[in-house]
Amino acid sequence: MDSWNEWVEQTLEKLESRKLLRSLRPIHLSDDNSHSDEFECFDGLRQWDRASVEVEISETTFQNWLHDIPSPGDDLGGSGVAYTEAGTSAGRFRKLILFSGNDYLGLSSHPSVIKAATQAVQKHGMGPRGSALICGYTNYHRLLESSLAELKSKEDCLLCPTGFSANMAFMTAVGNVSLLLAKDSQPSIDERVAVFSDALNHASIIDGIRLAEKQKSIASFVYQHSDMHHLNELLTNCPMKKKVVITDSLFSMDGDFAPLVELVKLRKKHGFLLAIDDAHATFVCGKTGGGAAELFNCISDVDICIGTLSKAGGCHGGYIACSKKWKQLIQSRGRSFIFSTSTPVPIAAAAHAAVIVAKKEMWRRRAIWNRVQNFRDLTGIPITSPIISLVVGSEATALQASRHLLEFGFHITAIRPPTVAPNSCRLRIALSAAHTLDDVKNLTAALSQCVNFSEIGFYCTSRNAARL
């Protein structure tokens, strides 16, 4: 990757010569709870963990959902309602078990996460309100960046307001390499960066690529989902020197992993920059929760690791774990970072607590992977992650299945176009460490009445075999 290091260095030199390098200058706020040994950890599931998977909806919302009546979201109902033993409301609310969220470890309700946010808000309110480059960057943000860099085994890390903005910032920064190193005002075709993107990448990656294309700084190539033969062919036939391959590490709608081992082999062959969106694998995969690269033992081969704190972190915000030089480039040219107000201090404090707790409470990772095995054993469906994609076909079928599960007390929404392709509508089920074996047993019993496990299992097996 010496070539990419040189290109980034040359880009930074250009920015410096034009006085366009931007700096992060942290504002110091008193912080009495910044040390990792001050966060209380536990050795197993507690009652408060259930708050991350038990929700309530009003009777009006329930009936509208059940009868597929459109809602603007104003059917909230009242309060102070008693519940029956069956979990249905004696008045105007119903309890549901959430199987559609992304709080994979149940950290959103963890006492240490709550305490960190509470203490920060009591001391500092929301903190300085401005972009990170003006006044919104504090020692709380720096502490969180350092903990994420350590988790990802990277030199540094840049916080972004969301995971979406992180991908956007990275892609626009990539485009700036060709814009700033071009001989003329606009880079020629050969001077542009060739970006190779998996067909099922997240919308934030796609939109980031589209923005860079609009600036005529990159040329994009989409390879068939996880198809390394197709990717190798595209790379081989591409005359452009600057190449980037970007992929989700764990795909949010299909629940399958990118073939990172094969990608690493292609990286060594073609010398491209490898970037992954590790949103759904961070904290869930790997011994320490380092993500998919740790799981597949290829941490040093992933150049850029993008992610979010709103999934298994149970909080909010995005990040880019990278080298110091890449960080300087992105903070100087990543528009979605530069022109966004930074993460509120209480959220940064909570997210830092979540990073520490997720690393220490290893039982949470064991618990969620036990639930994966439970679901596999009960249904015979060869799932490979906590994200379970049950493709049922038409919108009508998916909606009917979702309503059936609602009647049994499960919150699982139907996923339809444009999120997925037509006729590939599905139920997306997300498992959590806060789910119990009984939760999974009850869910699969209800599912068996509206989904053919054998057909789903055959589809999954065929799909996996096609990628080998």
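The legends below describe close-up views of a predicted model. Local features need pLDDT of at least 70 and side-chain atom pairs count only at pLDDT 80 or more, while totals for chains, interfaces and linings use all residues. Residues are numbered from 1 along each chain as its sequence is written, and side-chain values use heavy atoms, with hydrogens and water left out.

**View 1. The aromatic pair F170 and W326.**
The whole structure holds seven aromatic pairs. Rings of Phe, Tyr and Trp (its six-membered ring) pair if their centres lie within 6.5 Å; planes under 30 degrees apart count as stacked, over 60 as edge-to-face and the rest as tilted. The ring centres of F170 and W326 are 5.7 Å apart and the planes stand at 50 degrees, so this pair is tilted. F170 belongs to helix α6 (residues 163-181) and W326 to helix α11 (residues 324-333), so the contact ties together parts that are 156 residues apart in sequence. Helices (H or I, at least four residues) and strands (E, at least two) are DSSP runs, numbered from the N terminus. F170 is buried, with a relative accessible area of 0%, and W326 counts as buried at 5%. Buried means under 20% relative accessible area, exposed over 50%, and partly exposed in between (1.4 Å probe, protein chains only). W4, W7, F170 and W326 form one aromatic cluster.

**View 2. The aromatic pair F257 and F296.**
The two ring centres lie 5.5 Å apart with the planes at 75 degrees, so the pair of F257 and F296 is edge-to-face. The pair links distant parts of the chain, 39 residues apart. F257 sits in the loop between β6 (243-248) and α9 (260-270), and F296 in the loop between α10 (292-295) and β8 (304-308). F257 counts as buried at 17% relative accessibility, whereas F296 is partly exposed, with a relative accessible area of 30%.

**View 3. Charges over the rings of F62 and W7.**
A charge sits over a ring if NZ of Lys or CZ of Arg is within 6 Å of the ring centre and within 35 degrees of the ring normal. R94 lies over the face of F62, at 3.8 Å from the ring centre. K242 lies over the face of W7, at 5.2 Å from the ring centre. W7 is also a member of the aromatic cluster with W4, F170 and W326.

**View 4. An open sheet of three strands.**
The strand order is β1-β2-β11, and the pairing is mixed. Two strands pair if DSSP finds at least two bridges between them. The edge strands are β1 (54-58) and β11 (410-411), each of which pairs on one side only. Strand β2 (residues 93-98) pairs with β11 in the parallel sense, over two bridges. L98 stands opposite H411 in β11.

**View 5. Salt bridges of R50, D156 and R364.**
The whole structure holds 19 salt bridges, a salt bridge being a side-chain nitrogen of Lys or Arg within 4 Å of a carboxyl oxygen of Asp or Glu. The side chains of R50 and E54 meet at 3.2 Å, N to O. R50 counts as buried at 12% relative accessibility, and E54 as partly exposed at 38%. D156 and R142 form a salt bridge at 2.9 Å, N to O. D156 lies in strand β3 (residues 156-160) and R142 in helix α5 (residues 139-152), so the pair ties together parts that are 14 residues apart in sequence. D156 is buried, with a relative accessible area of 6%, whereas R142 is partly exposed, with 27%. R142, E145, D156, K324 and K327 are joined into one network by salt bridges that share partners. R364 and E361 meet in a further salt bridge at 2.6 Å, N to O, and both residues are buried.

**View 6. The cysteines C315 and C425, in no disulfide.**
A search of the whole structure finds zero disulfides, a disulfide being a pair of cysteine sulfur atoms within 2.5 Å. For C315, the nearest cysteine sulfur is that of C41, 14 Å away. C315 counts as buried at 18% relative accessibility. For C425, the nearest cysteine sulfur is that of C450, 15 Å away. C425 counts as buried at 1% relative accessibility.
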